[in-house]
Amino acid sequence: MIYILALILILALFVFSFYNKLKRLQVQIGASVQEIGNQLKRQANLIPNLVDSVKGYMKHEKGIFEDLTNARKSVDEAIASQDNKKIDKAQELISKGISSLKVIMESNPEIQTSGLINNLMDELRDTADKLMYARRTLIDLSADYNSSIVTIPGVWIASALGFKAEKGFETATNSDQIKVTDEEMKNPKVTL
Amino acid sequence: MVNVYEQITNNKIRSGVIISLFVLFISTAVYLISYSLNLDSSLLIIAIIFSLASSFGSYFWGDKIVLSLNQARPASRKEFFNFYTVTENLSLANLIPTPKIYIIDSPSMNAFATGRDPNHAVVCATTGLLEKLNRSELETVVAHELSHVKNYDIRLMTIVSVLIGTLSILINMAYRSSLFRNSDDNDNNGGVLAVIGFVLIIFAPIIAQLIQLAISRRREYFADASAVKLTRQPQSLINALKKLSSDDKKLETASTATASLYITNPFKGNKIASMFSTHPPIEDRIKALEQML
């Protein structure tokens, strides 16, 4: 009698812990889907703003470099033409360009665009990583959940407790990604 | 092979055992000495209070002690962008809160994690490591450390480090004062300290053995495997380990007590220190990883 009671107790404990584990996984799967949304929103807020500010700087600094190049060109032309008037004008252009360059150098001692672009590239990589890890969490959790309801002993009670398979990260299974064409079998040739 | 949950339970039990052993060891040593020398029994109470206090301290402030011993400082997102964001991303994937992020200004390459549980954890790397690893390699190293955090390895290793550190300070103090007092023949105190010193010196190898037992080398392989599972980049971890093993700069702030915390042995080529080594050779770890490729 006592053995039967003990057996029932052990079975009940197993069912309870199994149920709790799957419920916990379901909640975590739900949260990981929200996390993907959270990261997408972060990306949508961050990246366009960063791109805009980099563009702003690029335009600003590009203008000065263009002025300087134009001035240099006119100097070359003036020297070639040996015309005093043209040489004077070219000198004027150069001094104008240099004075605006000075203003920039004083306000920001180094040309900032390259740093900003590096920063943008870092942020792009980071946001892609964050999204990848958020998706991976969803994939791992659903794999954990799905394997517990299809393996022994879970498979015997999962359907009775009303657990259904989670879709996880939905990926098309009948498209090109699971086929490889002849073209893709060749080693890639890199031309720069 | 143990799974993660068994590993966690295991680590919590071992942490408790280590603390009990520490209290027991100090109390027994002091009791034996005071008994054989007919000393006041209040010494025993002091010893028990002291050992309980240092165990308590190692549990609650172990991370702070380890960080200040290593002269670590908090890392900002701006200054250490890759380190900071990689830790953030991997904590997200590990389903743990982002630990506090610290750095040590040192050209030597190393990293460690400390704390008492995933909610009170710290990840720390040297600036040398951050300069020489690329983002993918850094990712695998941080994933290795975060697996120590998630497994509660950090609790065990931090407690062991702080208590072993306390013991070795006691041994040193006792030994030095016994040498110092020996010329003074009639001094009773000097005699007591000398006895304590000699007892502790006899026990030192046993203690070292104890560290070995507590911190089995297997947990490094386990952390490597978890890092690969999280990042799916065994090659990057191999590259990182190769760079770490080619680094010959010794980390000045490391001691035998804290050595087990680091990702690789912080004493490069030091024979005596490698006797206490709690790390499997890097070549073996790389071999294990190459089988995952």
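This passage looks at the strands, a helix and the nonpolar cores of a predicted model. Residues are numbered from 1 along each chain as its sequence is written, with chains lettered from A and ligands numbered from 1 in the order in which they are written. Because the model is predicted, local features need pLDDT of at least 70 and side-chain atom pairs count only at pLDDT 80 or more, while totals for chains, interfaces and linings use all residues.

Strand β4 of chain B (residues 120-126; strands are DSSP runs of E, at least two residues, and helices runs of H or I, at least four, numbered from the N terminus) is largely enclosed by the rest of the structure, because six of its seven residues are buried. Buried here means that 20 or more other C-beta atoms, placed from the backbone, lie within 10 Å of a residue's own. β4(B) runs parallel to β2(B) (residues 100-104), with five bridges between them, and T126(B) sits opposite I104(B). With β3(B) (residues 111-117) the pairing is antiparallel, over six bridges; strands pair if DSSP finds at least two. A two-residue hairpin links β3(B) to β4(B), and V122(B) faces T114(B) across the pair.

Helix α5(B) (residues 135-150) is mostly covered too, with 14 of its 16 residues buried.

The largest nonpolar core (buried Ala, Val, Leu, Ile, Met, Phe, Trp, Tyr and Cys residues joined through C-beta atoms within 7 Å) counts 65 residues, and C124(B), A111(B) and V142(B) are among those with the most contacts inside it. Helix α6(B) (residues 153-181) gives the most to this core, nine residues.

Note on methods. A residue is buried if 20 or more other C-beta atoms lie within 10 Å of its own, exposed if 12 or fewer, and partly exposed in between; C-beta atoms are placed from the backbone.
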